[in-house]
Amino acid sequence: NFNYLPAGGTSDGAHPILFTTTSGTPCAAAGAGPIGNATVETGFACTPLNPAVVNAQGLALRGIQFNYITPYSMEGNFTLQYALTPTLSVQAAYANSNARHLEVFPNNNNEGQILPSGSALSVPFPDFGHGGSQAETEGTSNYNALQTKAEKRFSSGLNFLADYTWSKTLSDAGDLLNNGSLQGYRAPSVPGFGIRGDYGLASFDIRNVVHLSGGYELPFGKGKRYMNEGGIANQVVGGWSFAWIATLQGGQPITIPCASGATAGTGCYAMLVPGQSVDTGLHHDSNGLLSWFGNPAAWTQPCVLGPSGPIANDPAGCIPLTGLAALGGHAAQVDGPGFRRLDFSAFKNFQLNERFNLQFRAEFFNILNHPNFNSPGFGGNGVVAISGSENFLDKTFGEIGSTRDSPNDPRQIQ
């Protein structure tokens, strides 16, 4: 362990290396050599290589399942199609997909029982770090969907495609790259709970999705139904066509954690209060900032578990629960903001002669300049969540700090 500094702490090109111990003090071990003749080899005199004298306290254990199982999926669908006209057809389908042995990261050296808050952990290897990275192939997922579609093939200058999907995706395997607004596993090593205790809506579950796309050629100008002539009129109104893509979809699920931990070494999810409306929707809160949750009173949590049982009213309004119930409610309690977007294009063709054609094109992405927002507490990919936006006891609860297409999801024209 060495620094490029001389013993005096001032830069000196003739004496660039100072060997230090693991605590940062100058190394006085035999063989390290005086400052000025130190080498990389003599630097090992400062580093104990005997396992008996190395302090491994807190060292993380990293691993992968020994009998790693290859993940697999089973898929099926049943589809009906019907042609209403030679150019117009409709379709409806039921689709299902089940995946098994998905790779998950429940980690290792976890707490294996429900302990009162503040208790010393009883992990299997107390001298090592808690929650080291561990890959296991024990995740599952289930997808069911109704998929409908209406399609008109090009005729009379018009074509369009409209589809609607109602679906539900359940899983206990999080997305490693982007887990959305869900939380991690609460008690992956507690018997009777494990990762199955967090089985619920997947981070990418979107219940309703509508896509509308199409194109239309105006029936004006040379070779068209109306004003079928050349000249100035054809140059002005002829050769125009338009295309569009509209996307309308619901929000992705949000898991709200407990405002304060109820146990030691395990997680906790908040619970919905019966009879209280979550009141989701975009609005400005008392801080004047955009928020998604309008009623913090719709949330509660298990009381903090003490040595003699749940501690009443800690935090305020909590519910006294013991055992696995002290881990809180189910995952993915509510949905976040939806997504709305319309892209539009306009084209104008100029027939210069039999060989050459000139086209003017204008494309408008998000033509309505409609912002689409992330869920409260969303962070990652360069986005920083608003502190306290997932804490139902905090004044910033529900506040939104970013848009889906950053920065600010503006209209773009090219």
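A disulfide is a pair of cysteine sulfur atoms within 2.5 Å. The exercises below apply this and related criteria to a predicted model.

**Exercise 1. Determine how many disulfides the model holds, and characterise the pair Cys-258 and Cys-268.**

Solution.
- Step 1: Under the sulfur–sulfur criterion, the count is two disulfides.
- Step 2: The sulfur atoms of Cys-258 and Cys-268 are 1.9 Å apart, and the two residues form a disulfide.
- Step 3: The torsion about this S-S bond is about -55 degrees, so the disulfide of Cys-258 and Cys-268 is left-handed.
- Step 4: The pair links distant parts of the chain, 10 residues apart. Cys-258 belongs to the loop between strand 12 (253–254) and strand 13 (263–264), while Cys-268 belongs to the loop between strand 13 and strand 14 (271–272).
- Step 5: Cys-258 and Cys-268 are both buried.

**Exercise 2. Assign the handedness of the disulfide between Cys-303 and Cys-318, and state whether each cysteine is buried or exposed.**

Solution.
- Step 1: Cys-303 is joined to Cys-318 by a disulfide with an S to S distance of 2.0 Å.
- Step 2: This pair also links distant parts of the chain, 15 residues apart. Cys-303 is found in the loop between strand 17 (299–300) and strand 18 (305–306), and Cys-318 in the loop between strand 19 (309–310) and strand 20 (334–335).
- Step 3: With a torsion of about 90 degrees about the S-S bond, the disulfide of Cys-303 and Cys-318 is right-handed.
- Step 4: Buried means under 20% relative accessible area. Cys-303 has a relative accessible area of 1% and is therefore buried; Cys-318, at 12%, also counts as buried.

**Exercise 3. Classify the geometry of the aromatic pairs Trp-240 with Phe-242 and Trp-299 with Phe-397.**

Solution.
- Step 1: A pair of aromatic rings is described by the distance of the centres and the angle of the planes. The structure holds five aromatic pairs.
- Step 2: For Trp-240 and Phe-242, the centres are 6.3 Å apart and the planes make an angle of 10 degrees. Planes under 30 degrees apart count as stacked, so the pair of Trp-240 and Phe-242 is stacked.
- Step 3: Trp-240 is partly exposed, with a relative accessible area of 24%, and Phe-242 is partly exposed, likewise with 24%.
- Step 4: For Trp-299 and Phe-397, the values are 6.2 Å centre to centre and 80 degrees between the planes, and the pair is edge-to-face.
- Step 5: Trp-299 lies in strand 17 and Phe-397 in the loop between strand 22 (357–365) and strand 23 (412–413), so this pair ties together parts that are 98 residues apart in sequence.
- Step 6: Trp-299 counts as buried at 4% relative accessibility, and Phe-397 is buried with a relative accessible area of 4%.
- Step 7: Trp-240 and Phe-242 are joined by Phe-344 in one aromatic cluster.

**Exercise 4. Trace the contacts of Arg-196 with a ring and with an acidic residue.**

Solution.
- Step 1: The charged end of Arg-196 sits over the ring of Tyr-199, 4.5 Å from the ring centre.
- Step 2: Arg-196 forms a salt bridge with Asp-172, with 3.4 Å between the closest N and O atoms.
- Step 3: Asp-172 and Arg-196 are both placed in the loop between strand 8 (158–171) and strand 9 (200–201), 24 residues apart.
- Step 4: Asp-172 counts as buried, at 2% relative accessibility.
- Step 5: A further charge over a ring is that of Lys-348, whose charged end lies 3.9 Å from the ring centre of Phe-350.

**Exercise 5. Count the salt bridges, and identify the residues linked in a network with Asp-343.**

Solution.
- Step 1: The count comes to seven salt bridges.
- Step 2: One of them joins Lys-149 to Glu-151, the closest N and O atoms being 4.0 Å apart. Lys-149 is partly exposed at 29%, and Glu-151 is partly exposed at 30%.
- Step 3: Asp-343 and Arg-341 also meet through their side chains in a salt bridge, at 3.2 Å from N to O. Asp-343 is buried, with a relative accessible area of 17%.
- Step 4: Salt bridges link Arg-341, Asp-343 and Asp-405 in a network.

**Exercise 6. Identify the residues that make a nonpolar surface patch of about 350 Å².**

Solution.
- Step 1: The patch is made by Phe-78, Leu-80 and Tyr-94.
- Step 2: Phe-78 lies in strand 4 (residues 72–83).
- Step 3: Exposed means over 50% relative accessible area, and Phe-78, at 55%, counts as exposed.

Methods:
Residues are numbered from 1 along each chain as its sequence is written. This is a predicted model: local features need pLDDT of at least 70, side-chain atom pairs count only at pLDDT 80 or more; totals for chains, interfaces and linings use all residues. Side-chain values use heavy atoms; hydrogens and water are left out. Helices (H or I, at least four residues) and strands (E, at least two) are DSSP runs, numbered from the N terminus. Buried means under 20% relative accessible area, exposed over 50%, partly exposed in between (1.4 Å probe, protein chains only). Rings of Phe, Tyr and Trp (its six-membered ring) pair if their centres lie within 6.5 Å; planes under 30 degrees apart count as stacked, over 60 as edge-to-face and the rest as tilted. A charge sits over a ring if NZ of Lys or CZ of Arg is within 6 Å of the ring centre and within 35 degrees of the ring normal. Patches are made of residues with over 30% relative accessible area and no salt bridge: like charges are joined within 9 Å, nonpolar side chains (Val, Leu, Ile, Met, Phe, Trp, Tyr) within 5 Å. Accessible areas come from the Shrake-Rupley method with a 1.4 Å probe; for residues, only the protein chains shown count as cover.
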